[in-house]
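Trainee: I would like a close look at one part of this model, the place where its domains meet. Please describe what lies on either side as well.

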Amino acid sequence: MTKGALALLIHGGTDNWSPDRWKLRFEDVCRDRRVILMPATGVDPSEVHYAAVWKPVPGELAAFPNLKVIFNLGAGVDALMADKSLPDVPLVRVAVDDLTNRMMEYVVLHVLMHHRQELYLRDSQAAKRWAPKPQWPAGALSVGIMGLGTLGIRSAEVLKTIGFRVAGWSRSPRQVDGVNCFAGAAELDAFLRRTDILVSLLPLTADTRGILNRDIFAKLNHTSPLGAPVLINAGRGGLQNEADILACLVDGTLGAVSLDVFTQEPLPADSPFWTHPKVVLTPHNAADTDPDEISKYVARQIARFETGEALENAVDRGRGY
Ligand code: NDP
Ligand code: OXD
């Protein structure tokens, strides 16, 4: 019997999302089924049983009447959830060690960068100024991670090993060894009050949109060795109020920020974030999805599905992540 085809709908734009590269990887791991890079001519949409997607055009997936599973090629499904015509079939997101560890590297790099006063030291180097300031130990700072899921937990564990005091905030109560866990709206203020470096690894949902705003920043601890608190956002741009961030950097509510994600991507050339001296900016590459790893992950999930096993990391559409 012919196996249902796998359609690839990939619209990433950057090198990592080169559709041809992904097609080669999928052909390698799904040798017994047809892999179709969309858009393609001569395709009978009813033959397509699986779709592996990154930012498909809204409505694109509705064209396949026999779709059984949609695989999102990243961890965040916000772009898919915005598609009102998304077929009502299981939606699986990425949760693999490769991606989780890449994000952990980003978070640790940026927490250390602020903790070790890298902005000041690079500025000193540019000015040929030999003027070290006192350096405090990691244990003097509290890092608070909003989003204590797959990525947040791994980052928390490594930050804790380095010696930071670590807390996390999630929707439902969590328990992570050595991490001070807070949950829900009722515990948000307590979480913020003890936080010097706020790391955002939240998904973008109706509940979290715009959550990184002045009200939240004003509640962070302002008495740490850093002086003003620091924001690191690698979740999604839609979580942050960008006007508030810029204003809070001016009036000292925030001391510095590291931003990997923006409300508009690519970031427009005239954005003030590009040149702001207190902003460390990266182009949404905190944790790339690796075509080798992720194509194998999707192939494994299809095999599970076809032998009647439960799919892993299925999205709860009600929660939106
Ligand atoms: P998970 O689903 O594993 O974790 C999400 C966490 O956020 C959970 O702890 C969840 O709570 C919490 N959360 C969700 N909604 C709320 C809310 N309303 N209030 C409080 N907490 C909430 O996701 P991942 O860790 O795998 O990924 C997180 C996000 O990181 C992705 O959605 C994506 O947007 C972003 N990302 C960014 C990348 C980049 O390169 N910049 C790369 C990969 C991902 P609970 O534990 O109760 O469910
Ligand atoms: C993801 C991302 O969600 O790359 O995986 O942002």
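Mentor: What follows takes the interface between the domains, then the sheet on each side, then a few backbone details. Keep in mind that this is a predicted model.

The domain assignment divides the protein chain into domain 1, made of 5–94 + 289–306, and domain 2, covering 97–281. Domain 1 therefore takes two stretches of the chain, as the assignment writes it with two ranges. The C-alpha centres of domain 1 and domain 2 are 32 Å apart.

At the interface, nine residues of domain 1 touch six residues of domain 2. The two domains bury about 630 Å² between them, and carbon and sulfur atoms account for 54% of that area. On the domain 1 side, the residues that lose the most area to domain 2 are Asp-78, Thr-289 and Asp-290, which together make up 50% of what that side buries. Two salt bridges are found across the interface of domain 1 and domain 2. Asp-290 also takes part in a salt bridge with Arg-102, in which the closest N and O atoms are 3.8 Å apart. In addition, two residue pairs are in polar contact across the interface, both at pLDDT 80 or more.

Now the sheet that includes β4 and β5. This open sheet has five strands in the order β2-β1-β3-β4-β5, with parallel pairing. The edge positions belong to β2 (35–37) and β5 (91–92); each has a single partner strand, so one side of each is left without a neighbour in the sheet. Strand β4, residues 69–72, is joined to β5 in the parallel sense over two bridges. Within this pairing, Phe-71 has Val-92 of β5 as its bridge partner. Helix α9, residues 291–306, packs on this sheet and touches β1 (5–10), β3 (48–54), β4 and β5. The direction of α9 makes about 160° with that of β4.

The other sheet is also open and has seven strands, in the order β8-β7-β6-β9-β10-β11-β12, again with parallel pairing. Its edge strands are β8 (180–183) and β12 (279–281), each of which pairs on one side only. From one strand to the next, the twist averages 15°. Strands β9 (residues 197–200) and β10 (residues 230–233) run parallel and are joined by four bridges. Ile-197 stands opposite Val-230 of β10. Helix α5, residues 150–162, packs on this sheet, where it touches β6 (142–146) and β7 (165–170). The direction of α5 makes about 170° with that of β6.

Some backbone details in the loops remain. The peptide bond joining Met-38 and Pro-39 is cis, with omega of about -5°, and Pro-39 sits in the loop between β2 and β3. A cis peptide bond also runs from Glu-265 to Pro-266, where omega is near -5°. Pro-266 is in the loop between β11 (256–259) and β12. His-284 is not a glycine, yet its phi is positive, at about 45°. This residue, His-284, is placed in the loop between β12 and α9.

Technical notes: Residues are numbered from 1 along each chain as its sequence is written. Chains are lettered from A and ligands numbered from 1 in the order in which they are written. This is a predicted model: local features need pLDDT of at least 70, side-chain atom pairs count only at pLDDT 80 or more; totals for chains, interfaces and linings use all residues. Side-chain values use heavy atoms; hydrogens and water are left out. Two strands pair if DSSP finds at least two bridges between them. Contact means heavy atoms within 4.5 Å. Axes are lines fitted to C-alpha atoms, for helices over the stretch in contact, and angles run from 0 to 180 degrees between N-to-C directions. Domain bounds come from an automatic or database domain assignment. Buried area is the accessible area (1.4 Å probe) that two parts lose on being put together, summed over both. A salt bridge is a side-chain nitrogen of Lys or Arg within 4 Å of a carboxyl oxygen of Asp or Glu. A polar contact is a pair of N or O atoms within 3.5 Å; within protein, one must be able to donate a hydrogen and the other to accept it, and residues adjacent in sequence count only if both atoms are side-chain atoms.
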